[in-house]
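Got a minute to look at some cysteines and some nonpolar packing? Have the sequence and the structure open for this one.

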Amino acid sequence: MEKLNSIEQYELLKKSERVIFMFTADWCPDCRVIEPILPRIEVDYPEYEFISVDRDEFIDLCGELDIFGIPSFVAFHEGVEVGRFVSKDRKTQDEIEGFINSLSN
């Protein structure tokens with residue numbers, strides 16, 4: 001999964017056709033739990049670009065987007081937020097896939 005490197009990159013990427021930002025941190029145990037399933041999810045949903053956002057590096061962006069729990073996912077389509085899976089709870093593969101599937105409805 002590509003890592004976000006700058007706010008300018010975020011602004012550009014969110015205008016993509018389909019992009020999902022995953023907010024995470026190195027110290028987050030729930031983030032580490034889902035890490036092994038993420039490559040499979042990326043393969044299963046090639047229509048989306050997946051971008052990893054380090055919460056600690058982009059704390060202002062997290063505040064702007066109301067991301068107060070991680071891991072969390074926010075999806076954009078051509079600059080418009082189309083969905084979010086944001087909470088402090090641990091996420092399962094089924095829940096993440098359910099979130100992604102709900103975006104096409």
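What follows is a short round of questions and answers on this predicted model.

Q: Which residue does C28 join in a disulfide?
A: A disulfide is a pair of cysteine sulfurs within 2.5 Å, and the S to S distance here is 2.4 Å, so the pair makes the cut. The link is right-handed, with 80° about the S-S bond. Both cysteines are buried. The partner of C28 is C31.

Q: Why is there no bond from the sulfur of C62 to the closest cysteine sulfur?
A: C62 counts as buried, with 1% relative accessibility. Still, a disulfide needs two sulfurs within 2.5 Å. The closest cysteine sulfur, in C31, is too far for a bond, at 11 Å.

Q: Which strand gives the largest share of the largest nonpolar core?
A: That core has 19 residues, and L4, F21, F23 and L61 touch the most other members. At least two residues each come from α1 (7-13), β2 (19-24), β3 (49-54), α4 (59-64) and β4 (72-77). The largest share is 3 residues, and the strand supplying them is β2.

Q: Which cysteine does F23 touch, leaving out residues up to four places away in sequence?
A: On that count, F23 touches V53, L61, L65, I67, I70, P71, S72 and V74, among others. The cysteine in the list is C62.

Q: How many residues are in the second, separate core?
A: Nonpolar side chains tend to be buried together in soluble globular proteins. Here the second core includes I34, A75, I96 and I100. Its residue count is 16.

How values were computed
Residues numbered from 1 in each chain as written. Predicted model: local features only at pLDDT ≥ 70, side-chain atom pairs only at ≥ 80, totals over all residues. Heavy atoms only, no water. Buried < 20%, exposed > 50% of the residue type's maximum accessible area, 1.4 Å probe, protein only. Core = buried A, V, L, I, M, F, W, Y, C linked by side-chain atoms within 4.5 Å. Helix = DSSP H or I, 4+ residues; strand = E, 2+ residues; numbered from the N terminus. Contact = heavy atoms within 4.5 Å.
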